[in-house]
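Here's a quick briefing to read alongside the structure. Have the viewer open and click through as you go.

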Amino acid sequence: MNSIMKQVAELIMNQQPCVALTGAGISVESGIPTFRSKGGLWEKFDPAVYASIEVFRQDPSKYWSIRGEFIRNYDDYSPNAGHLALAELETMGLLRHVITQNIDGLHRKAGSRNVTEIHGSLREIFCVRCGKEYRAPKIPEGMPPLCVCGGVLKPNTVLFGESLPPQALETASRQAGTCKVMLVIGTSAVVQPAASLPFVARQNGARIVEVNIQNAFPAADFRIAEKAGVALSGIVAELKKLPFQGC
Ligand code: APR
């Protein structure tokens, strides 16, 4: 396993810029369930009912009823070795940007500064009636939680049927289209438009490295079939053994 991590470390050292695309798999080691892999949220709940904007508008309690199954309190979760390794790569000047599909905020908690949360984040929750914003952990209880004005609260996240924040999508596409290496970490790569980003990178001549316990992205040039925390820490360790060419 070390040889593939060594190969990927040499690739990152020699081919810059490098960006990362992450999914739920990188947060499993922080205690957050995935959506589609074994035991995932969508094995138990139909996302078309519990995570669609159309249903939310008719009956927001459906969405809020599974709050405890995923991330009940935003502040209860901490970054793991995978998030910390990506933050260290950024500090080393070897990772330009993290594009994440995750709404758990763990990349920022780990210290990554150049992060685009393309599906938003649970950090902010706002009133759909008056727009008042509530920041974690001060999220009102209640089913569904209501604003002081009586309006329903909605997390600042993208539900199925909603479009992505235009600025986030533009940044993610630009980062993917101008990188030489993309680390595709812990994602089933099935939800658009995120699933297209590795192909956007490839069109620009980038090499794709998949880090996943399953083979979700067959078109990858390199595959590390390891947990994200183990794989990414291993890559950082191998990078530290290389003579730094600076960049
Ligand atoms: N390390 C690396 N990969 C892992 C780990 C781990 N410890 N555990 C699971 N995985 C992999 C699984 O093999 C799977 O390929 O993480 C992936 C998780 O896939 P999904 O559950 O589909 O999560 P994700 O790809 O992030 O989903 C994309 O779908 O429901 C929407 O908005 C939601 O952002 C989410 C989007």
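What follows covers the ligand site, two helix packings and a few backbone oddities.

Keep in mind that this is a predicted model. Around the ligand there are 24 residues, and helix H10 (residues 228-241) packs against H6 (residues 81-91) as well as against H1 (residues 2-14). On the backbone side, look out for a cis peptide bond from Met 143 to Pro 144 and another joining Gln 192 and Pro 193.

**Ligand surroundings**

- Of the 24 residues around the ligand, the closest are Phe 35, Arg 36, Thr 187, Ser 188 and Asn 212.
- Trp 42 puts a polar side-chain atom 2.8 Å from a ligand oxygen.
- His 119 has a side-chain N or O atom 2.9 Å from an oxygen atom of the ligand.
- With Ala 228 it's the backbone that takes part: a polar atom there sits 2.9 Å from a ligand nitrogen.

**H6 against H10**

- The two axes come within 7 Å of each other and cross at roughly 30°, so H6 counts as roughly parallel to H10, the cut-off being under 35 degrees.
- This crossing is left-handed.
- From H6, the contact uses Ala 81, Gly 82, Ala 85, Leu 86, Glu 88 and Leu 89.
- H10 answers with Ala 228, Gly 229, Leu 232, Ser 233, Val 236, Leu 239 and Lys 240; Ala 228 is also the residue with the backbone contact to the ligand nitrogen.
- Sorted by class, the H6 and H10 contact comes out at 8 nonpolar, 3 polar and 2 charged residues.

**H1 against H10**

- Here the axes are 8 Å apart, and the packing angle is about 60°.
- H1 and H10 make a right-handed crossing, while that of H6 and H10 is left-handed.
- On the H1 side you'll find Asn 2, Met 5, Lys 6, Val 8, Ala 9, Ile 12 and Met 13.
- They meet Val 230, Ala 231, Gly 234, Ile 235, Glu 238 and Leu 239 of H10; Leu 239 also takes part in the contact with H6.
- The class split for H1 with H10 is 9 nonpolar, 2 polar and 2 charged.

**Backbone oddities**

- Most peptide bonds are trans, and most residues other than glycine have a negative phi.
- The cis bond from Met 143 to Pro 144 has omega near -5°, and Pro 144 belongs to the loop between strands E5 (133-135) and E6 (153-157).
- For the cis bond between Gln 192 and Pro 193, omega is about 0°.
- Pro 193 is in the loop that runs between strand E7 (181-185) and helix H9 (197-203).
- Ala 189, also placed between E7 and H9, isn't a glycine, yet its phi is positive at about 50°.

Technical notes. Residues are numbered from 1 along each chain as its sequence is written. This is a predicted model: local features need pLDDT of at least 70, side-chain atom pairs count only at pLDDT 80 or more; totals for chains, interfaces and linings use all residues. Side-chain values use heavy atoms; hydrogens and water are left out. Axes are lines fitted to C-alpha atoms, for helices over the stretch in contact, and angles run from 0 to 180 degrees between N-to-C directions. Helices (H or I, at least four residues) and strands (E, at least two) are DSSP runs, numbered from the N terminus. Angles under 35 degrees count as roughly parallel, over 145 as roughly antiparallel, 65 to 115 as roughly perpendicular and the rest as oblique. A crossing is left-handed if the near helix is turned anticlockwise from the far one by less than a right angle, and right-handed if clockwise. Contact means heavy atoms within 4.5 Å. Ala, Val, Leu, Ile, Met, Phe, Trp, Tyr, Cys and Pro count as nonpolar, Asp, Glu, Lys and Arg as charged, and the others, Gly among them, as polar. A residue is near a molecule or strand if one of its heavy atoms lies within 4 Å of it. A polar contact is a pair of N or O atoms within 3.5 Å; within protein, one must be able to donate a hydrogen and the other to accept it, and residues adjacent in sequence count only if both atoms are side-chain atoms.
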